[in-house]
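Hello,

Here is the structure I promised to send over. Please open it first, then read my notes below.

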Amino acid sequence: MRASIIGGGTWGSAFAIYLGRQKIKTQLWIREKEIFKEAHSSRENKVFLPGFSFPPAVSLFNDFEEALYSADVVFIAVPSKFCRTIYVKIAPFLYPEQIIVSLTKGIEEGTLKRMSEIMEEVFSQFFSSRIVVISGPSFAREVIQGHPTAVVLASKDIKLAREVQHFISSLYFRGYTCDDVVGVELCGALKNVVAIAAGISDSLQFGSNSKAALITRGLAEITRLGLKLGAKQPTFAGLAGMGDLVLTCTGKLSRNRNIGIELGKGKRLSDITSKMKMVAEGISTTLSAHQLSSREKVEMPICEQVYQVLYKNKNPKNALRELLSRKLKEE
């Protein structure tokens, strides 16, 4: 079987390297022509993933048709704000037999749709798409460093999830399957919002007690929203839920946690993001979480305070103080 990966950022490049090391013929599409040319000549993505070479099994492309040709499984690893545009552009080059796998953790601004929902909307004009979603605690750099990693593969068609599971799993990269697409995608997106709060907590030099409380209560509000939207309870205690939340709130490689750290120092969001090469999904997801919780009438106090900090210029210390002074209640 052959794989195609759309998106030459950190995760897309890392996943291509991983698949290539498994001797899987992999076609990686890189959007930026300058990065593509450099990567093609040096066999390394020096902008997003310096220090790691693409194996011989990985071919690089800047053209959609060439990148998608003859692929059995198409992985899409682009930031959520670009996903709809990319889906529309690649749709004419896809085949009904291909399995489409989302590697994106986000929610579309405005529509508040999950990535698989957008895929179904766009691809249904051409054929009935076969979609799988991959999520879970998986820093790109640690995957290609060979650290044992476990992820979850979700699909409405569990047979598809199992097919991709066997295709990508190895001794150090293990996939588990489930049919809760809603829960897996919501967890993957919303954990980034809580990670920003965790970063703020770290920046204010609060301890492990504070971090544990944020993670636990953050999971509680993600679960409330998820169940309201049709997700299944066990998902939130699994890899996509608690697993990814713990990683993103505590790991030094977490972009969203690092944004929180800088906010806690008093820096402006625009100044923080202007120095970042990679997209931190938690920024736009915070706005989506605010809108979803309002629409569904679900209380999400941590996400709300992060929204106030990011979009209303609220002082992080005041946001935390407001969280701690909320009315006492049962857990």
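W11, L103, K105, I134, S135 and S138 line the second largest cavity. Keep in mind that this is a predicted model. The space in this second largest cavity is about 40 Å³. Its lining divides into 3 nonpolar residues, 2 polar and 1 charged.

How many cavities turned up? The search covered the whole structure and found 2 of 30 Å³ or more.

Now the largest cavity. It holds about 110 Å³ of space. Its lining counts 14 residues, and A197, I200, A319, L320 and L323 are the closest to the centre. Three helices each supply at least two lining residues: α8 (181-203), α14 (301-311) and α15 (316-324). By class, the lining of the largest cavity has 12 nonpolar and 2 polar residues. Charged residues are absent from that lining.

One more site to look at: S116. This serine lies in helix α5, which spans residues 115-123. Is S116 buried or exposed? Its relative accessibility is 5%, and the cut-off for buried is under 20%, so S116 counts as buried. What does its side chain touch through a polar contact? The partner is the side chain of E185, at 2.6 Å. Setting aside neighbours within four places in sequence, S116 is in contact with I131, V133, V181 and E185. E185 therefore appears both in the contact list and as the polar partner of S116.

Best wishes

How values were computed. Residues numbered from 1 in each chain as written. Predicted model: local features only at pLDDT ≥ 70, side-chain atom pairs only at ≥ 80, totals over all residues. Heavy atoms only, no water. 1 Å grid on protein atoms, 1.4 Å probe; cavity = no way out; pocket = protein on both sides within 12 Å on 5 of 7 lines; lining within 4 Å. Points joined across faces, edges and corners; volume = space filled by probe spheres on them. Helix = DSSP H or I, 4+ residues; strand = E, 2+ residues; numbered from the N terminus. Nonpolar A, V, L, I, M, F, W, Y, C, P; charged D, E, K, R; others polar. Buried < 20%, exposed > 50% of the residue type's maximum accessible area, 1.4 Å probe, protein only. Polar contact = N/O pair within 3.5 Å; in protein donor to acceptor, adjacent residues only side chain to side chain. Contact = heavy atoms within 4.5 Å.
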